[in-house]
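Subject: The structure I promised

Hi,

Here is the structure we talked about, with my notes underneath. Have a look at it first, then read on.

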Amino acid sequence: MISTAILAAEHITHIYRAPEGDVPALDDVSFRLARESFTCLVGPSGCGKSTLLRIMAGLLTPTSGRVLLDGQPLTRAQRRVGIVFQKANLMPWRTVAGNLSLPLELAGLPPAERLERTRAMLELTGLEGFAGTYPAALSGGMAQRVAIGRALIHDPEVLLLDEPFGSLDALTREQMSEELLRIWAHHRKTVLMVTHSISEAVLLADRVLVMGPRPARLVADVPIPLQRPRSLELLHQPDFVALTERVRRAIRLA
Amino acid sequence: MDNVHLVSGQAHERSHSDRAAVADSLVVPPLRRRRRAHPWHVLLAPAFGLVLLAIWTLVARSGLYASFIVPSPASVAERWWGLASSGALARHTAVTLREVLTGLLVGVWTAFWLGYLIARSRPVAYMLTPYLVALQAVPIVAIAPLLIIWFGADVTSKVIICALIVFFPMLVNTVIGMRSIPPELRDLMRALEATPLQTFWHLELPAALPIVIGGLKVSATLSVIGAVVGEFVSASAGLGYLINFGRGTYDTPLVIAAVFTLTALALILYGLAAWLERILLGWQRVNEHP
């Protein structure tokens, strides 16, 4: 198990220093993510989930503890870790295709290969007709598809998702979950996704990590042994409902 | 004038005492309630111009004022044409234009990089802001003679005066533009391991450009003022010199002809900046009509 872990959090504690006093956000959080596994992180809002994700991405240095990527301490953000934010976070001056190819441009790939990969990603994310569209003309769901495509296009080993569907309406949200399952089936990555939707977490993940209220620590680690491929039909089946109840109880007891 | 805190610098509003933006907002309603413009709407401005011209003619012909106080439009046009056909107008305009363009370039270039530095570095912001605000508080007209004493009566002093006038709006807009960049996009660039140069080229410059170009539009019109101020103090050529000369010899038509030429010059510069905006910020117009 240890040898297959690609990303690991070791005793991560984080305290936000503020003039009014220190705000503890994370308290001794440790976990390991198995290669090509899908893990969801749930917990009450404001419990420090996003802080943890930023730390896992190398965008924030924890007060103490460390993150290991492939056994090496992660000291700064790396391309090997792709990240999708809560907002789509697209560049408004770039078209859909331009936003998708940004990571490739920064990595210095030759134009022909950029074009090829961008075309493939447009297809995978179902955005073929929108290559030349600017972000302002996209719906929230489509913008988030671009964001996911952008995080995947340079083929990172780990994908971190920070409530990627948090700003979408319920219907689009379900569609996007299914879409994410489909994309993940094509690009098996190690995924860590923060969400506040329990059913979303159970539908997507192999494993759900439950965090308690601030300062957050891990209070439960629920394996989700549901068969793959999964679809939205699962939402009404008894074993799915039982698993969501387990997660819900863990959050309540925290 | 621009009362913006460069240090605390929250990007509040896009335009501030921005005459150019004010002009825009007069024509384009802020809430885009698009009523289709009738074809004859484009004739309103020229028609109003003709009315003003008629009033001017009437006042000039009324005999209330001597012709060297209120010359008729015809005599101004005649004087202008005379200057133009002798080549004198082109020569003087060229002198002013050269001062304006060099001053604009120097001022805009310096202000942009200094603004960038201030936006990126808090210590630099704290160190420079009081002096920059003080510099802005100094009336340029008052220090123009000083600059002429130091740098001579030729082009250099005018370029410096021009650059000084252009400097502040450009600086403020650059700082606001750079500070308005969403931190999430900076995170994205970090996550993609972008080099500082890549971050500048792919994020900072395009993200700040709309506000930076707003500054350029203001600066473009101000630059003409800078050159004229310099020429008023001491010069042997240029449109400002023509005005001064005309005033000294009671050649009022010459003064008015030179003023009109200056106005045209400022409008052309503003038009060029607006054209640049259209070219570089095409994506903004696309966004307006989803």
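A quick word on terms before the strands: two strands count as paired here if DSSP finds at least two bridges between them. Also bear in mind that this is a predicted model.

With that in hand, start at strand 7 of chain A, residues 158-162. L160(A) in strand 7 has L192(A) in strand 8 as its bridge partner. Strand 8 covers residues 190-194 of chain A, and it runs parallel to strand 7, joined to it by 5 bridges. Strand 7 also pairs with strand 6 (residues 81-84) of chain A, again in the parallel sense, over 4 bridges. One of the residue pairs there is V81(A) with V158(A).

Is strand 7 of chain A enclosed or open? Of its 5 residues, 5 are buried, so the rest of the structure largely encloses it. In a regular strand, side chains alternate between the two faces of the sheet. Here V158(A), L160(A) and D162(A) sit on one side, L159(A) and L161(A) on the other, and all of them are buried, which leaves both faces covered.

Now for F85(A), in the loop between strand 6 and helix 2 of chain A. Because 25 C-beta neighbours lie inside 10 Å, F85(A) counts as buried. Leaving out residues up to four places away in sequence, F85(A) touches D162(A) from strand 7 and also E184(B). The C-alpha atoms of F85(A) and P164(A) are 5.9 Å apart, although 79 residues separate the two in sequence.

Over in chain B, helix 11 (residues 252-280) is the one to look at. What angle does helix 10 make with it? Helix 10 (residues 239-248) packs against helix 11 at about 160 degrees, with the axes 7 Å apart. That makes the two helices of chain B roughly antiparallel, and their crossing is left-handed. Helix 10 contributes L239(B), L242(B), I243(B), G246(B) and R247(B) to the contact, and helix 11 residues including V255(B), A258(B) and L262(B). By type, the contact residues are 8 nonpolar, 3 polar and 1 charged.

Helix 9 (residues 196-233) of chain B packs there too: its axis comes within 9 Å of that of helix 11, and the two cross at roughly 165 degrees. This pair is roughly antiparallel as well, but the crossing is right-handed. Among the residues that meet are L209(B), I213(B) and L216(B) of helix 9 and L262(B), L265(B) and L269(B) of helix 11. The contact divides into 15 nonpolar, 2 polar and 2 charged residues.

Cheers

Definitions and conventions
Residues numbered from 1 in each chain as written. Chains lettered and ligands numbered in written order. Predicted model: local features only at pLDDT ≥ 70, side-chain atom pairs only at ≥ 80, totals over all residues. Axes fitted to C-alpha atoms, helices over the stretch in contact; angles between N-to-C directions. Parallel < 35°, antiparallel > 145°, perpendicular 65-115°, else oblique. Left-handed = near helix turned anticlockwise from the far one by under 90°. Contact = placed C-beta atoms within 7 Å. Nonpolar A, V, L, I, M, F, W, Y, C, P; charged D, E, K, R; others polar. Buried ≥ 20, exposed ≤ 12 C-beta atoms within 10 Å, placed from the backbone.
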